[in-house]
Amino acid sequence: MSIIIKIWCASLQCRDVFREYRMIDERPDPPRAGGERETLRVFLDFHRATLAMKCAGLSDEELRLRSMPPSTLTLLGLVRHMAEVERTWFRRVIGAEEVPLVWSTEGDFQVAYDARSSSRSEAFSAWEAEVVRSREIEAGAESLDVMGHQPRWGEDVSLRFVMLHMIHEYARHNGHADFLREGVDGVVGA
């Protein structure tokens, strides 16, 4: 679906003008009466697609624009962070794969946020690869009751918990992405 948004753009890049922006919305439509696993899967994919949509049409430079100093948060940093989150929860916790973090050999999750020398191609390739592997792990699990160990917490968690946690992570960070995108070119919503 394509939606047209007319916005009053007051960002630094297009001060005080009306802009028409065509946003392509290809997010999956969550089922209204689906089963638990299907509903969790589609809501997670909905939020993944929302992050991608928030970054659509922006250059590497625009994706690296900071929200408001002293914050170093950027859209590209969020994409990199979500690659780490996908890898950690699905591959390391549920899949019990012994893989390092994508951007830190020391296990520092904060490194992903530093996108100063990153590109759309690098960040999105890593994130999309992690999403593919996450989907494979989820689809291969016998049920939502499959357990994995979260070493940072010293606790076992179910796939159900991981999927809900991932929906929470994306929803929270998509809120940040709303503000970041608005700061780049004034586009808000969806």
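# Reasoning through a predicted model

Modeller: Let us begin with strands β3 (residues 147-150) and β4 (residues 155-158), which run antiparallel and are joined by four bridges. Please keep in mind that this is a predicted model.

Biologist: What makes β3 and β4 count as a pair of strands?

Modeller: Two strands pair if at least two bridges are found between them, and β3 and β4 are joined by four, so they meet the condition for pairing. Within this pair, H149 stands opposite D156 in β4. The two strands form a hairpin with four residues between them, and in the turn G154 has a positive phi of about 70°.

Biologist: Which side chains of β3 point to which face, and which of them are buried?

Modeller: The side chains of β3 alternate, with G148 and Q150 pointing to one face, where they are buried, whereas M147 and H149 point to the other face and are not buried. This fits the general rule that in a regular strand the side chains alternate between the two faces of the sheet.

Biologist: Why is S104 called buried?

Modeller: The relative accessibility of S104 is 4%, and buried means under 20%, so S104 falls on the buried side of the cut-off. This residue lies in the loop between α3 and α4, and, leaving aside neighbours within four places in sequence, S104 is in contact with E84 and V111.

Biologist: What makes the approach of the S104 side chain to E106 and G107 a polar contact in each case?

Modeller: The side chain of S104 reaches the backbone nitrogen of E106 at 3.2 Å, and it reaches the backbone nitrogen of G107 at 3.2 Å as well. Since the cut-off for a pair of N or O atoms is 3.5 Å, each of these distances is within it.

Biologist: How do you know whether T88 is buried or exposed?

Modeller: T88, whose place is in helix α3, has a relative accessible area of 6%; because buried means under 20%, T88 is buried. Not counting residues up to four places away in sequence, T88 touches V93, L101, F109 and Q150. The last of these, Q150, is one of the buried residues of β3.

Biologist: Why is R66 called partly exposed?

Modeller: The relative accessible area of R66 is 42%, and partly exposed is the range between the buried limit of 20% and the exposed limit of 50%, so R66 belongs in that middle class. R66 lies in the loop between α2 (60-63) and α3 (75-94). Leaving aside neighbours within four places in sequence, its contacts are with S71, T72, L73 and T74, and a polar atom of the R66 side chain lies 3.0 Å from the backbone oxygen of S71. R66 and R116 are 50 residues apart along the chain, yet their C-alpha atoms are separated by 9.9 Å.

Biologist: What makes the phi of A96 worth a remark?

Modeller: Most residues other than glycine have a negative phi. A96 is not a glycine, and still it has a positive phi of about 55°. A96 is found in the loop between α3 and α4 (120-140), and with 58% relative accessibility it counts as exposed, because exposed means over 50%. G57, just after α1, also takes a positive phi, of about 80°.

Biologist: How do you know that the span of helix α1 (residues 36-55) is close to what is expected?

Modeller: Helix α1 has 20 residues and reaches 29 Å from its first C-alpha to its last, which is close to the 28 Å expected at 1.5 Å a residue. Its buried residues include L40, V42, L44 and L51, but also R37, D45 and K54. For the protein of 190 residues as a whole, 45% count as buried.

Biologist: Which element has the lowest mean pLDDT, and which the highest?

Modeller: Among the elements, strand β1 (residues 2-9) has the lowest mean pLDDT, at 42, while β4 has the highest, at 98. For the protein, the mean is 88, and 87% of the residues reach 70 or more. Over residues 1-12 the pLDDT stays under 50, although the model has 43 contacts beyond four places in sequence for them. Over residues 14-21 the pLDDT is below 50 too, and this stretch has 27 contacts beyond near neighbours in sequence. Where pLDDT is low, the predicted coordinates should not be read in detail.

How values were computed. Residues numbered from 1 in each chain as written. Heavy atoms only, no water. Buried < 20%, exposed > 50% of the residue type's maximum accessible area, 1.4 Å probe, protein only. Expected span 1.5 Å × (residues − 1). Contact = heavy atoms within 4.5 Å. Polar contact = N/O pair within 3.5 Å; in protein donor to acceptor, adjacent residues only side chain to side chain. pLDDT = per-residue confidence, 0-100.
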